[in-house]
Amino acid sequence: MSDRPASELPAPGGPAPGGSAADLPFSDAAGTQDSAALSSPARLPTERPRSKAERSWFERFWREWLLGAALPVWLVITFAFTFARVDGDSMNPTLRTGDVALLLKYPRWLRAWGLPGTYPERGKIVVFRIPASSDYASQEGWFGLRYRPYNIKRVIGVPGDTVGVHGGRVRVNGRPIAESYTDVSTDRDEPDVTLGPGQVYVLGDNRRIGESVDSRYYGAVELSDVAGPVAWHLGF
């Protein structure tokens with residue numbers, strides 16, 4: 001791309017734009033060239049700003065798409081909220097396959113930054129990854145690659161709680177809890193487990209045998225593996 005039109009530059013050995021040899025102090029050709037160079041250097045035209053149409057494609061892509069669109073979207077889904085689609089029956093009857101849930105991301109960041117908040121809370125539904133040490137942690141995806149999928153369950157115990165299942169009833173700190181969100185008693189007893197700092201105990205609402213793989217199978221879930229709580233869900 002040309003920065004300066006060639007027609008605006010003085011020709012070598014010739015008169016400056018807009019004048020002639022007769023206008024200069026000396027009349028001979030050699031003197032004219034020397035005087036012009038010493039007393040009045042040619043002034044180059046000021047470069048005009050490039051218009052939007054003249055910007056390179058990379059500059060436009062960077063400013064308009066990455067900074068203008070992609071970056072704000074990334075900030076929102078990383079630090080504020082996103083949507084999750086339910087796949088499976090482990091949270092029946094509360095959630096069913098195809099339901100869309102609003103997942104809040106900011107509560108986990110508030111906790112990580114030491115800011116006040118109520119997260120995590122008993123009874124809240126959360127999205128998380130199963131502990132990496134568990135046999136249930138990963139599954140096979142495209143091209144045979146294994147990955148850790150996200151799961152969705154309900155928080156039964158928070159850090160410091162002791163959780164167990166006795167006589168088909170879930171007990172937290174020795175007391176049975178009311179569970180209006182499930183219509184089936186827990187299928188088997190579980191010994192008491194005391195949660196450490198940064199751990200939660202999760203169960204699916206569907207307590208029928210084999211319907212929910214949860215903390216009864218892989219133990220407590222680290223809060224570092226929890227994406228955040230679900231605010232509401234929409235069924236289809």
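In the predicted model, Val-126 stands opposite Pro-229, a residue of strand β13. This contact belongs to the antiparallel pairing of strand β3, which spans residues 125-129, with β13, a pairing that extends over three bridges. Strand β13 itself covers residues 226-234 and also pairs in the antiparallel sense with strand β2 (residues 100-104), here over four bridges; within this second pairing, Leu-102 has Trp-232 of β13 as its bridge partner.

Strand β3 is in turn joined by five bridges to strand β6, which comprises residues 150-157 and runs antiparallel to β3. In that pairing, the bridge partner of Phe-128 is Asn-151 of β6. These strands are part of an open sheet of seven strands, arranged in the order β1-β2-β13-β3-β6-β11-β12 with antiparallel pairing. The edges of the sheet are formed by β1 (81-85) and β12 (221-222), each of which pairs on one side only.

Strand β6 also contributes to the largest pocket, since at least two residues of the pocket lining are supplied by each of β1, β6 and α3 (106-112). The space in this pocket amounts to about 730 Å³, and its lining consists of 30 residues, of which Asp-87, Pro-149, Tyr-150, Asn-151 and Ile-152 lie nearest the centre. Asn-151 is thus found both as the bridge partner of Phe-128 and among the lining residues nearest the pocket centre. When the lining is divided by class, 15 residues are nonpolar, eight are polar and seven are charged.

Terms used. Residues are numbered from 1 along each chain as its sequence is written. This is a predicted model: local features need pLDDT of at least 70, side-chain atom pairs count only at pLDDT 80 or more; totals for chains, interfaces and linings use all residues. Side-chain values use heavy atoms; hydrogens and water are left out. Two strands pair if DSSP finds at least two bridges between them. On a 1 Å grid over the protein atoms alone, a cavity is a set of points where a 1.4 Å probe fits but cannot get out, and a pocket is an open set with protein on both sides within 12 Å along at least five of seven lines; lining residues have an atom within 4 Å of a point. Grid points are joined across faces, edges and corners, and a volume is the space filled by probe spheres set on the points. Ala, Val, Leu, Ile, Met, Phe, Trp, Tyr, Cys and Pro count as nonpolar, Asp, Glu, Lys and Arg as charged, and the others, Gly among them, as polar.
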